[in-house]
Amino acid sequence: MPEGRPSPEGRDGKGSPGPLCGRPTVADVAKRLGVLRYVVSHALTTPLPDDLAEWTKGWPAEQVQALWARFDERRDEICASVRSVGLWDVLTPQERAFLSTRRTRCRFSPCSTGCGG
């Protein structure tokens with residue numbers, strides 16, 4: 001088969017098309033949509049550390065730590081939910097890193113995985 005052409009066997013050797021193997025199926029699109037829902041939801045509900053520091057200026061350290069703990073719990077809940085609906089293996093490595101790692105960088109210093117968090 002010429003390089004760059006879709007394989008008739010598909011990415012998994014069973015005829016299932018993948019991102020590099022021709023047109024995606026409705027199921028493939030639905031899975032990506034589900035993944036993106038989780039990624040976007042996490043991005044919108046988790047503040048950047050610089051923003052959180054600004055918002056909590058003057059708070060006692062215990063309250064700031066408790067707030068971060070709540071964000072960590074929420075992150076863990078999202079990851080558990082992604083796994084429970086069978087989408088964890090659909091995530092790209094960057095999406096896995098983004099969902100499972102505490103955002104520790106400011107908005108102008110993308111992390112080493114390229115996730116921007």
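**Close-up 1. His 42 of helix H1 and its surroundings in the predicted model**. His 42 is buried, with a relative accessible area of 2%, and this residue belongs to helix H1. When its neighbours within four places in sequence are left aside, His 42 is in contact with Arg 75, Ile 78, Phe 98 and Leu 99. Two of these partners, Arg 75 and Ile 78, are listed among the buried residues of helix H3.

**Close-up 2. Helix H3 and the helices against which its buried residues pack**. Helix H3 covers residues 61-84, and because 24 residues at 1.5 Å a residue should span 34 Å, the distance of 34 Å between its end C-alpha atoms agrees with expectation. The buried residues of H3 are Trp 68, Phe 71, Asp 72, Arg 75, Ile 78, Cys 79 and Val 82, and they pack against helix H1 (26-45), helix H2 (49-55) and helix H4 (93-100). H3 is followed by Gly 86, whose phi is positive, near 80°.

**Close-up 3. The lining of the largest cavity**. The count comes to one cavity of 30 Å³ or more, and about 50 Å³ of space lies in the largest cavity. Its lining is made up of His 42, Thr 46, Trp 68, Phe 71, Asp 72, Arg 75, Thr 101, Arg 102 and Arg 103, with H3 giving the most to this lining, namely four residues. By character, the lining residues divide into two nonpolar, three polar and four charged.

**Close-up 4. The salt bridge between Asp 72 and Arg 102**. The side chains of Asp 72 and Arg 102 meet in a salt bridge, at 2.4 Å from N to O. Asp 72 lies in helix H3 and Arg 102 in the segment after H4, so the pair ties together parts that are 30 residues apart in sequence. Asp 72 is buried, with a relative accessible area of 17%, whereas Arg 102, at 33% relative accessibility, counts as partly exposed. Both residues also line the largest cavity.

**Close-up 5. Salt bridges along helix H3**. Glu 73 forms a salt bridge with Arg 70, with 3.4 Å between the closest N and O atoms, and the two residues lie three residues apart in helix H3, about one turn of the helix. Glu 73 is partly exposed at a relative accessible area of 45%, and Arg 70 is partly exposed at 40%. Arg 75 forms a salt bridge with Asp 76, the closest N and O atoms being 3.4 Å apart; here Arg 75 counts as buried at 13% relative accessibility, while Asp 76 counts as partly exposed at 45%. Salt bridges that share partners join Arg 70, Glu 73, Arg 74 and Glu 77 into one network.

Technical notes
Residues are numbered from 1 along each chain as its sequence is written. This is a predicted model: local features need pLDDT of at least 70, side-chain atom pairs count only at pLDDT 80 or more; totals for chains, interfaces and linings use all residues. Side-chain values use heavy atoms; hydrogens and water are left out. The expected span of a helix is 1.5 Å times one less than its number of residues. Buried means under 20% relative accessible area, exposed over 50%, partly exposed in between (1.4 Å probe, protein chains only). Contact means heavy atoms within 4.5 Å. On a 1 Å grid over the protein atoms alone, a cavity is a set of points where a 1.4 Å probe fits but cannot get out, and a pocket is an open set with protein on both sides within 12 Å along at least five of seven lines; lining residues have an atom within 4 Å of a point. Grid points are joined across faces, edges and corners, and a volume is the space filled by probe spheres set on the points. Ala, Val, Leu, Ile, Met, Phe, Trp, Tyr, Cys and Pro count as nonpolar, Asp, Glu, Lys and Arg as charged, and the others, Gly among them, as polar. A salt bridge is a side-chain nitrogen of Lys or Arg within 4 Å of a carboxyl oxygen of Asp or Glu.
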